[in-house]
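Biologist: I am new to this structure and would like a close look at a single part of it, set in the context of the whole. Could you choose one, and take me through it and its surroundings step by step?

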Amino acid sequence: MACATNAISLSLSSNPNSKLSSDFIPKLNRPVNVSLCASTSAELDPGRLFLSRPIGLSRRICANATPVMDQSVGERSSSVPTIVEVDLGNRSYPIYIGSGLLDQHELLQKHVHGKKVLVVTNTTIAPLYLDKVVDALTKGNPNVSVENVILPDGEKYKNMETLMKVFDKAIESRLDRRCTFVALGGGVIGDMCGFAAAAFLRGVNFIQIPTTVMAQVDSSVGGKTGINHPLGKNLIGAFYQPQCVLIDTDTLSTLPDRELASGLAEVIKYGLIRDAEFFEWQEKNMEKLMARDPDAFAYAIKRSCENKAEVVSLDEKESGLRATLNLGHTFGHAIETGFGYGEWLHGEAVAAGTVMAVDMSYRLGWIDSSIMKRVNDILQRAKLPTAPPETMTVEMFKSVMAVDKKVADGLLRLILLKGPLGNCVFTGEYDRKALDDTLSAFCKS
């Protein structure tokens, strides 16, 4: 694929030794059907994100099956999957997106290494899709044997005790280093299965089959795996990439309305931090998304994956740029931890956290009031909360945020919006009074 010379816009000084302030991050103007030819090296101090000048022509991202959809939802694609590639050199992998993909057995089978597979799923998803996945793995492939472990469903089970059930099954089944783990479910299953794959025998192959909007547009892509700790969310884990991500959009037909809305929080996030055109498309098509229009959802998933894949390709281990994907998550994780894992869905907490981050950005004078209004409006149309639970206090927020993964040398760094829609910063350089004022505005005590 030819390089697109205008695919990435960076505010770079002509001085090769100069550094960018945290006010600027790389942003793809149209994150579709392009090869990203300029890679950047990044270093991070506790306060600001700096990006040095381009150093080579090594990174690319391509959506290589279908062109970008117009601003209006077009005709539904055929059974040929859209493919978004996550470019990580010799660890690159495809994201397959489309309807009926679980019936295309070759898609899964070509990514299975060895003769033994362990499917990790939960009590909700197993009755719906486990047999279908086993059939996809074994049809015309009699040499492959498939075991499964069915875990309890819910964020409150994303812990070490539940993770041990995966290891127990793998060891009892005498799986070896050529086995493949398959994550069949939402974000909790994907995170735990991926972490188990990273640790079992010091690393075995795994495949992601996400069945929720949240997992399809965000958590299944990029290799973040892990479990929660009573003192904080996702504090124990590893970066470990899958062999592929297979997104069968038909699985959304069984997704409860609340889970569907929760996943839209992450879709909205991409528009706010780096893709204003996508946000404007969401404003025009939110009712179609809420009505589960298959064409609208296919486009939203594809565009979200393109945004996520590009960021991961540039910053796999979250040294700076990738942290911007966590808009609203510092506040949101505090809600999940303080209010109790599973009481609010992840996307619900992120939605409220996004409103808080946007409020703080406005208090700092970094955005205008119109962005605040648009954020509140679109979240309300998606039936997502725009404020934390009434039981959350300022002290609860501060105590949980103090152990957030983005704290460096005791400094809490946040992702905040700055400038026109589609721009953000990852920084620890902000007026602490703005944070205090935001927390006080959303908490009764």
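Modeller: A residue is called buried when its relative accessible area is under 20%, exposed when that area is over 50%, and partly exposed in between. The model is a predicted one, and by that cut-off 58% of the 445 residues of the protein chain count as buried. The chain's secondary structure comprises 13 helices and 17 strands, and about 17600 Å² of its surface is exposed, with carbon and sulfur atoms supplying 51% of that area. If we take the contacts between residues at least 6 apart in sequence, 75% of them join residues that are at least 24 apart.

The part I would choose is strand 10, which covers residues 205–210. Six of its six residues are buried, so the strand is mostly covered. Asn 205, Ile 207 and Ile 209 point one way from strand 10, while Phe 206, Gln 208 and Pro 210 point the other way, and the residues of both groups are buried. Alongside it runs strand 9, residues 180–185, which is parallel to strand 10 and joined to it by six bridges; within this pairing, Gly 185 stands opposite Pro 210.

Two residues of strand 10 also meet a residue from further along the chain. Val 245, which belongs to strand 13, touches Gln 208 and Pro 210, and its other contacts include Tyr 93, Pro 94, Ile 95, Tyr 96 and Ser 220, leaving aside residues up to four places away in sequence. Although Val 245 and Tyr 96 are 149 residues apart in sequence, their C-alpha atoms are 6.2 Å apart in space. The relative accessible area of Val 245 is 0%, so this residue is buried.

Strand 10 takes part in ring packing as well. The count for the model comes to seven aromatic pairs. In one of them, the ring centres of Phe 206 and Tyr 240 are 6.0 Å apart and the ring planes lie at 15°; because planes under 30 degrees apart count as stacked, this pair is stacked. The pair links distant parts of the chain, since Phe 206 is in strand 10 whereas Tyr 240 is in the loop between strand 12 and strand 13, 34 residues apart. The two partners can be compared with the cut-offs given above: Phe 206, at 1% relative accessibility, counts as buried, and Tyr 240, at 22%, counts as partly exposed.

Another aromatic pair, formed by Phe 331 and Phe 397, is edge-to-face, with 6.5 Å from centre to centre and 65° between the planes. Phe 331 lies in helix 9 and Phe 397 in helix 12, so this pair ties together parts that are 66 residues apart in sequence, and both residues are buried. Phe 278, Trp 281 and Tyr 299 form one aromatic cluster.

To finish, let us return to the chain that leads towards strand 10, where helix 4 covers residues 187–199. Twelve of the 13 residues of helix 4 are buried, so the helix is largely enclosed by the rest of the structure; among the buried residues are Gly 187, Met 192, Phe 195 and Ala 198. At 1.5 Å a residue helix 4 should span 18 Å, and its end C-alpha atoms are 18 Å apart, which agrees. After helix 4 comes Leu 201, whose phi is positive, near 55°.

Key
Residues numbered from 1 in each chain as written. Predicted model: local features only at pLDDT ≥ 70, side-chain atom pairs only at ≥ 80, totals over all residues. Heavy atoms only, no water. Helix = DSSP H or I, 4+ residues; strand = E, 2+ residues; numbered from the N terminus. Expected span 1.5 Å × (residues − 1). Buried < 20%, exposed > 50% of the residue type's maximum accessible area, 1.4 Å probe, protein only. Contact = heavy atoms within 4.5 Å. Areas by Shrake-Rupley, 256 points an atom, 1.4 Å probe, with all protein chains shown as cover. Phe/Tyr/Trp six-rings, centres within 6.5 Å; stacked < 30°, edge-to-face > 60°. Pairing = 2+ DSSP bridges.
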